[in-house]
Amino acid sequence: MAEYDFWLFDLDGTLVDVDPAYPVDVMERVGDRLGQGFSEREAALLWYGQGEARRSLLAEREVDPQRFWDIFHEEEDPLARADATYLYDDVETFLSERTEPVGLVTHCQEYLTGPILDGLDIGDWFDTVVCCDDDIGWKPDPEPVHRAMADLGVGHNGHTGALAGDNPGDIGAAWNAGLDGIHVERDSPLSKDRCVRGDHRVRSLREL
């Protein structure tokens with residue numbers, strides 16, 4: 001594997017994950033308000049949003065995506081989310097050994113990301129944290145990655161980096177920003193149903 005001058009990571013499903021019961025509970029409450037019933041598998045599809053799975057499911061149910069997100073954000077409590085979140089056991093060792101700049105580029109919103117990082121006491125592991133939004137852009141748009149690179153001082157000046165994530169959007173954002181894309185293939189309710197193309201595929205950060 002190539003030597004990198006800096007590292008960027010996705011958060012959910014890459015460095016951390018949640019108790020499997022948590023997405024089911026949240027999506028049950030969201031579904032009740034939408035007049036929809038979601039199975040455990042559908043709750044996982046909505047939660048992890050692999051590829052076009054979330055968009056396709058909402059379209060099939062004729063649910064307006066903006067209404068879904070408005071209700072989702074109203075129903076999700078940041079402290080409950082943080083309490084349900086755990087760190088993958090390979091993450092601390094890998095990040096503690098890094099001397100290169102390390103950044104986080106996540107779709108997890110700022111009001112959720114802060115409590116998660118605080119609850120796990122890992123905020124100081126990252127030299128920058130970029131939370132995607134409508135202004136910054138959403139992966140695979142490269143703009144959030146460009147912002148993280150600018151924060152780290154490694155943008156367009158000869159540095160070689162990689163972005164590691166569990167979702168096709170992470171790999172797309174890496175490629176669109178001129179970085180290597182590393183697919184971190186974690187065990188999840190959807191892991192058997194997906195194949196994400198990347199420059200490298202690993203099951204553990206230890207393989208890096």
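Trainee: Which elements do the buried residues of α2 pack against?

Mentor: Keep in mind that we're looking at a predicted model. Helix α2 is mostly covered, with 7 of its 9 residues buried. Those residues are E42, A43, A44, L45, L46, W47 and Y48. What they pack against is β2 (16–18), α1, α3 (53–60), α4 (65–75) and α5 (78–84).

Trainee: How is α1 oriented relative to α2: roughly parallel or roughly perpendicular?

Mentor: Helix α1 covers residues 21–34 and α2 covers 40–48, and their axes sit 9 Å apart. The angle between the two helices is about 95°. An angle from 65 to 115 degrees counts as roughly perpendicular, so α1 is roughly perpendicular to α2.

Trainee: How many of the residues in the contact of α1 with α2 are charged?

Mentor: Start with who's there: α1 brings Y22, P23, V24 and M27, and they meet E40, A43, L46 and W47 of α2. Sorting the contact residues gives 7 nonpolar and no polar. The charged count is 1.

Trainee: Which residue follows α2, with a positive phi?

Mentor: Look just past the end of α2, which spans residues 40–48. The residue there has a phi near 60°. That residue is G49.

Trainee: Why do the buried residues of α3 line one face of the helix?

Mentor: The buried residues of α3 are R54, L57 and L58. Look down the axis of α3 and they line one face, because they fall within a limited arc. On the other side, R55, A59 and E60 are exposed, while the cover over the buried residues includes α2 and α4. The arc in question is 95°.

Trainee: Is E62 buried or exposed?

Mentor: E62 follows α3, in the loop between α3 and α4. Its phi is positive, about 60°, although E62 is not a glycine. Anything over 50% relative accessible area counts as exposed, and E62 has 75%, so the verdict is exposed.

Trainee: And H156, where is it located?

Mentor: H156 is another residue other than glycine with a positive phi, near 55°. With a relative accessible area of 71%, H156 is exposed. Its place is the loop between α8 and β6.

Trainee: Which strands are the edges of the open sheet?

Mentor: The sheet is open, has 6 strands and uses parallel pairing, in the order β5-β4-β1-β6-β7-β8. An edge strand here pairs on one side only. Neighbouring strands are turned by 20° against each other on average, direction ignored. The edges are β5 (128–131) and β8.

Trainee: What is the bridge partner of T106 in β5?

Mentor: In general, strands of a sheet pair through backbone hydrogen bonds. Here β4, residues 102–106, pairs with β5 in the parallel sense over 4 bridges. For T106, the partner in β5 is C131.

Trainee: Which strands does helix α7 touch?

Mentor: Helix α7 is made of residues 110–120 and packs on the sheet. Its direction makes about 145° with that of β5. The strands touched are β4 and β5.

Trainee: At what angle does α9 run to β7?

Mentor: Helix α9, residues 168–176, lies across β6 (161–165) and β7. Helix α9 also holds G172, which is buried with a relative accessible area of 15%. The angle of α9 to β7 is about 165°.

Trainee: How many Å apart in space are G172 and L57?

Mentor: G172 lies in helix α9, and L57 is one of the buried residues of α3. In sequence the two are 115 residues apart. In space, C-alpha to C-alpha, the figure is 22 Å.

Trainee: Which residues does E185 touch?

Mentor: E185 is found in the loop between β7 (180–184) and β8 (200–202). Buried means under 20% relative accessible area, so E185, with 16%, is buried. Not counting residues up to four places away in sequence, E185 touches R201, V202 and R203.

Trainee: Which residues does the cis peptide bond join?

Mentor: Head for the loop between β5 and α8 (143–152), where P140 lies. The omega of the cis bond is about 15°. The bond joins K139 and P140.

Methods
Residues are numbered from 1 along each chain as its sequence is written. This is a predicted model: local features need pLDDT of at least 70, side-chain atom pairs count only at pLDDT 80 or more; totals for chains, interfaces and linings use all residues. Side-chain values use heavy atoms; hydrogens and water are left out. Buried means under 20% relative accessible area, exposed over 50%, partly exposed in between (1.4 Å probe, protein chains only). Contact means heavy atoms within 4.5 Å. Axes are lines fitted to C-alpha atoms, for helices over the stretch in contact, and angles run from 0 to 180 degrees between N-to-C directions. Angles under 35 degrees count as roughly parallel, over 145 as roughly antiparallel, 65 to 115 as roughly perpendicular and the rest as oblique. Ala, Val, Leu, Ile, Met, Phe, Trp, Tyr, Cys and Pro count as nonpolar, Asp, Glu, Lys and Arg as charged, and the others, Gly among them, as polar. Two strands pair if DSSP finds at least two bridges between them. The arc is that of the directions from the helix axis to the C-beta atoms.
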